[in-house]
Amino acid sequence: MNFLPLAVVTALLHVYIGARLVPGLDAHPLGQWLLIAGLVLSALLMPLGLMAGRVAKQPLADVLTWVGLLFMGLFSSMLVLTVARDAGLLLLWLADMLAPGRLPLAWLRIASAEAVPLLGVLVTLLGFLNARRTAAVVRVDVPIKGLPPALQGFTLAQISDIHVGPTIKQAYLRRIVDKVNALDADVVAITGDLVDGKVAELSAHTAPLADLKSRHGTYFVTGNHEYYSGAHAWVDELRRLGLTVLLNEHVVIRSPGDDGKPLVLAGVTDYSAGHFDPAHRSDPEAALRGAPLDAVRVLLAHQPRSAAAAAKAGFDLQLSGHTHGGQFYPWNLFVRFQQPFTAGLHKLQNLWVYTSRGTGYWGPPKRFGAPSEITALRLVAG
């Protein structure tokens, strides 16, 4: 990836923020200099959050990544708030044209310029605390038409989009594993984007996955970030840890004493996997090939936009992630332009689709308005 155009664009956006806010801080010279210094550091260090591994060795690379990504989170909020401030001031200026002299425009310019950096820091701090805490358990009942008595209350613990990498390490994943194990689920499902890095770099940090416990095992499907990180090597590594990796295939799960419908748990490769390896092209119909016809059908698919093909193939439920629920406001408003669902339980024809907000985070260690989750899904008669 060529980072130069990105660096130029972000530098210009930093200049925009400074040009709009610094004049409003005339009464606070120290605040002006702090803001200018912060914007300069942000513009210089943000690119390192994405490319530190190329320019430095460990442990310096991780330190630079942490600093760059923290600035990235702050910059994002500052940019959104500055744009919102300018839009608000424009509306107030138009209103003043209709009723001249009735609005304290000068005071509002100063007060809003002072408020933006304070709000930016506050949102970033709260977002950091939300991102670094262990994800809360979200419990969801999914009504399945014709669910046999033996599968009533069948539970799937879903984790997704953890992104083990420069800022998410073994201790973070260990807390997630312990919380999942406490659910005593029938199945554990990992719906992709587990890692951001190569096996050689991260195998020690993904090792806690071997301790995941459930009655019928742990199942994994690839996300787009696995393909950025060497998907074939990760498939081998996760199988070594005892996980079942479903690459357009399925398993049949029967409860003890069940003489009715079994549960077919299928998994597809990421929606975009065919661009990286044609042999990994995502195919929900192939994932069902040879499955019992009279069965409850659950699909693990990283991206919600696999849902159309899953509905056509005849699945009852699809578990997805990828969106992070937007991760932090206002980016959740834009997810719908790429994916059919942002978060939660929705229905497409006869298919239920549950989209996790993710169990970790990507990029800036920041979640605001889109908390992480460990999902405990329970099948109930519909």
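**Talking through the cores**

Modeller: Happy to walk you through this one: the protein is a predicted model, and its secondary structure comes to 11 helices and 12 strands.

Colleague: What makes a residue count as buried here, and what share of the protein does?

Modeller: The cut-off is under 20% relative accessible area. Of the 382 residues, 51% fall in that class.

Colleague: Thanks! Why is the set of 32 residues called a nonpolar core?

Modeller: Its members are buried residues of types such as Val, Leu and Ile, joined through side-chain atoms within 4.5 Å, so the set earns the name. Ile 162, Val 180, Leu 209 and Leu 238 have the most contacts inside this largest core. Elements giving two or more residues to it include β2 (155–159), α7 (199–206) and β12 (373–381). α6 gives the most, with 5 residues.

Colleague: Which residues does Leu 209 touch, leaving out those up to four places away in sequence?

Modeller: Leu 173, Val 177, Ile 190, Leu 194, Leu 238, Leu 241 and Leu 243. Each pair counts as a contact because heavy atoms come within 4.5 Å.

Colleague: And what lies apart from the largest core?

Modeller: Another core, of 24 residues, with Ile 144, Leu 156, Ile 253 and Leu 377 among them.

Colleague: How do you know how much of the contact set links residues 24 or more positions apart?

Modeller: Take the contacts with a separation of 6 or more: residues 24 or more positions apart account for 74% of them.

Colleague: What about the surface?

Modeller: The accessible surface comes to about 17400 Å², and 64% of that belongs to carbon and sulfur atoms.

Conventions:
Residues numbered from 1 in each chain as written. Predicted model: local features only at pLDDT ≥ 70, side-chain atom pairs only at ≥ 80, totals over all residues. Heavy atoms only, no water. Buried < 20%, exposed > 50% of the residue type's maximum accessible area, 1.4 Å probe, protein only. Helix = DSSP H or I, 4+ residues; strand = E, 2+ residues; numbered from the N terminus. Areas by Shrake-Rupley, 256 points an atom, 1.4 Å probe, with all protein chains shown as cover.
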